[in-house]
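I set out to look up three things in this model: a loop residue, a strand within the sheet, and the surroundings of the ligand. My entries follow in that order.

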Amino acid sequence: MSQPKSILVTGGCGFIGSNLAAHYLDKGYSVSVLDNFWRVGSRQNLEWLKERAEKSKGTFQFYEVDLRERSSVQNLLSQLKPEAVLHFAGQVAATVSIQDPYVDFSINAEGTFYLLDAVRESCPEALFVFASTNKVYGDLSVFGVVEEETRYTCPEHQRGFNEKTPLDFYSPYGCSKGAADQYVRDFGRIYNMHTVVLRLSTIYGGRQFATYDQGWIGWFVEQVIRQERFSISGNGKQVRDILHAHDLIALIDSLMKKATTLSGEIFNIGGGIDNSLSIRELISYLEKTLGCKADSYHIDARKGDQPFYVSNIQKAQDKLEWVPKVDKWDGVNKMIEWVNSGIK
Ligand SMILES: NC(=O)c1ccc[n+]([C@@H]2O[C@H](COP(=O)([O-])OP(=O)(O)OC[C@H]3O[C@@H](n4cnc5c(N)ncnc54)[C@H](O)[C@@H]3O)[C@@H](O)[C@H]2O)c1
């Protein structure tokens, strides 16, 4: 099989999924999108995609399917037989998973299994990319951190954590994603499928409808712009590496080119140490850039929250010839533009 040209994007009405679908429509691909409108903003993203499809070289089909309905998923896959499945549908928030662990399990673990197994049955040659998470590494408390003025650092992992970091699923979300992550990896080994697991850190960008529960860059940008009073969990020195959606799309492009050589691969994906940021650093930047004072207060840290998580992206750089190009502050400026565009 040459580079895939017919793709199925699950969660294609979500933030990452809609950006991916638009990109491949512009490239002239046959793009199918599966979504069930679980996420706030997903209907707006579908309307945006439809408009984009009309101006693009590609073809677009939307399927309102819930991943938890196994027979619907099987029927769709046997009908479409796509050359690539970009699986970005999911329950995305650890907080929500703690409130309703079954819903989280059924979408992320069962839903991913149904999809993966349907691909095995109908189109086993397809590239299968799964959006996993850094939460599969747990709170990383075995690695000591140092509290500095604006952020935590981790002397043992100054450039971040690589794929050999021990798994330690934490929170129902960590467990459901972790289970799915291991199935996707293993179907590469056992069935020789072209599966890839991306353990994503913070991804941000346009078309993200941030909420209190998920999408922290967008959420804090929104709170400061709107001059709302808002809470910060913990002391705000927690660090993540942030990756703009444009850079994630470039990474997926690279996976598509190498599809037939990939099987059961795992990559830690984020902006890397150069694009790492604490909540405090973000808020100070926003105050300076927007010329206002943030009205924030602190609440208890979220259970299992990693004080310092940065992806070590060396493997992706070496194997996929990919490097993040959007600098963190340029990316935050773009996020300010997206929030100011008032699409919400
Ligand atoms: N954005 C990040 O920073 C980040 C970080 C780590 C992992 N991820 C993972 O990447 C994926 C995409 O994230 P996102 O930020 O675009 O999230 P998102 O919430 O914007 O998109 C997810 C989409 O999945 C759809 N969906 C949810 N349940 C479904 C179901 N049962 N059937 C069909 N569709 C369903 C939603 O309606 C939504 O459109 C998720 O799996 C998420 O866990 C994202």
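**Entries on a predicted model**

I began with Arg-68, which lies in the loop between strand E3 (59-64) and helix H3 (70-80). The model is predicted. I then asked whether Arg-68 is exposed, partly exposed or buried. Arg-68 has 14 C-beta neighbours inside 10 Å and therefore counts as partly exposed; a buried residue would need 20 or more, and an exposed one 12 or fewer.

Next I looked up the contacts of Arg-68, leaving aside neighbours within four places in sequence. I found Ser-106, Ile-107, Glu-110 and Gly-111. I also noted the separation from Leu-25, 43 residues away along the chain: the two C-alpha atoms are 27 Å apart.

I turned to strand E4 (residues 84-87) and checked its two faces. Ala-84 and Leu-86 are buried on one side, and Val-85 and His-87 are buried on the other. In a regular strand, side chains alternate between the two faces of the sheet.

I followed the pairing of E4 as well. Strand E1 (residues 6-10) runs parallel to E4 and is joined to it by 4 bridges; Thr-10 has His-87 as its bridge partner. E4 also pairs with E5 in the parallel sense, over 4 bridges, and there His-87 stands opposite Phe-130.

Last, I examined the ligand. The residues surrounding it number 28, the closest being Gly-11, Gly-14, Ile-16, Gly-90 and Ala-131. Which element gives the most to this shell? I recorded H1, with 3 residues. By class, I listed 14 nonpolar, 10 polar and 4 charged residues in the shell.

Note on methods. Residues numbered from 1 in each chain as written. Predicted model: local features only at pLDDT ≥ 70, side-chain atom pairs only at ≥ 80, totals over all residues. Near = placed C-beta within 6 Å. Nonpolar A, V, L, I, M, F, W, Y, C, P; charged D, E, K, R; others polar. Pairing = 2+ DSSP bridges. Contact = placed C-beta atoms within 7 Å.
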